[in-house]
Amino acid sequence: MSYLGVGVSPGNVPVYHGTNLKVIDRRVRVAELVLRCLICGLSVLAAVLVGTDTQIKEIFTIQKRARFTDMKALVFLVAANGITAAYSLVQGVRCVVGMGRGSVLFSKPLALAIFSGDQALAYLNLAAVGAAAQSAAFAKLGQTKLQWMVICNMYGKFCNQVGEGIAVSLLVSICMVGLSCISAFGLFRLYGSNKAKNNSGW
């Protein structure tokens, strides 16, 4: 019994009806759309920063050009950001179309596919940032035991721009983790609603 004298029974337990579900879904989709647009923009920025980075250094009358293709980890980083930007653009269009139609995502296979895609991209970005950061550390600090020289002493501008690209890619990874949480909520709320319906039938 509550303090108002109203007992808890199947007839007065609050339930989420279709209107409330649409309100919640719309708020989630707005947050999802903002994150996807942010991720798309940051991914393009990171790919441009690293992909267009170049510097020419003259060593004993020989010109040596530093490019991102000289380090496989940076190639991986640019590819990961390109994939993330394209994926976020497609998913962003899906969000805009869904919000325009006012439809609620009830399809479990679609929700599972979105969740799986977001998870995969989050892991991909984290792996790319980790590999690029390790390579950048070797270029910045060198490795005396392996006789790896410090590259950034000769290519300072190149290293600085790569560092900016890695920092932006780290922001992309953080946003992808947050987006994965939103897609997880979108998936598991469908199973929660079914469970609530089953319990209400007793």
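This is a short guided tour of the structure, stop by stop, with something to select at each one.

**Before you start**

You are looking at a predicted model, in which local features need pLDDT of at least 70, side-chain atom pairs count only at pLDDT 80 or more, and totals for chains, interfaces and linings use all residues. Residues are numbered from 1 along each chain as its sequence is written, and side-chain values use heavy atoms, with hydrogens and water left out.

**Stop 1: the whole chain**

Colour by secondary structure and you will find 4 helices and 2 strands, in the order α-β-β-α-α-α along the sequence. Helices (H or I, at least four residues) and strands (E, at least two) are DSSP runs, numbered from the N terminus. Switch on the surface: the chain exposes about 12400 Å², with 68% of it supplied by carbon and sulfur atoms (Shrake-Rupley method, 1.4 Å probe; for residues, only the protein chains shown count as cover). Of the 202 residues, 36% count as buried; buried means under 20% relative accessible area, exposed over 50%, and partly exposed in between (1.4 Å probe, protein chains only). Among contacts (heavy atoms within 4.5 Å) between residues at least 6 apart in sequence, 81% join residues at least 24 apart.

**Stop 2: along helix H1**

Select residues 18–51, which form helix H1, and pick out Ala 31. Ala 31 is partly exposed, at 34% relative accessible area. Measure across to Ile 182: the two residues are 151 apart in sequence, yet their C-alpha atoms lie 8.3 Å apart. Arg 26 belongs to H1 too, and counts as partly exposed at 47% relative accessibility. From Arg 26, a C-alpha distance of 9.4 Å takes you to Gly 98, 72 residues away in sequence.

**Stop 3: the nonpolar cores**

Next, show the side chains of Leu 35, Ile 39, Val 168, Val 172, Met 176 and Leu 179, which touch the most other members of the 15-residue largest nonpolar core. Such a core is a set of buried Ala, Val, Leu, Ile, Met, Phe, Trp, Tyr and Cys residues joined through side-chain atoms within 4.5 Å. H1, H3 and H4 each give two or more residues to this largest core. Centre on Leu 35: beyond four places in sequence, Leu 35 is in contact with Cys 175, Gly 178, Leu 179 and Ile 182. Apart from the largest core lies another, of 14 residues, including Val 50, Ala 66, Val 78 and Ala 128.

**Stop 4: two buried residues**

Move to Ala 80 in helix H2 (residues 72–101), which is buried at 1% relative accessibility. Leaving out neighbours within four places, Ala 80 contacts Leu 124, Asn 125 and Ala 128. Then select Ser 169 in helix H4, a buried residue with a relative accessible area of 1%. Ser 169 touches Ala 46, Leu 77, Asn 81 and Val 129, not counting residues up to four places away.

**Stop 5: the second largest pocket**

Finish at the second largest pocket, which holds about 470 Å³ of space. To find its centre, select Met 71, Ser 135, Ala 139, Ile 151 and Phe 158, the closest of its 23 lining residues. On a 1 Å grid over the protein atoms alone, a pocket is an open set of points where a 1.4 Å probe fits, with protein on both sides within 12 Å along at least five of seven lines; lining residues have an atom within 4 Å of a point. Points are joined across faces, edges and corners, and the volume is the space filled by probe spheres set on them. Strand S2 (62–67), helix H3 (108–141) and helix H4 (156–200) each give two or more residues to the lining, and H3 has the largest share, with 6.
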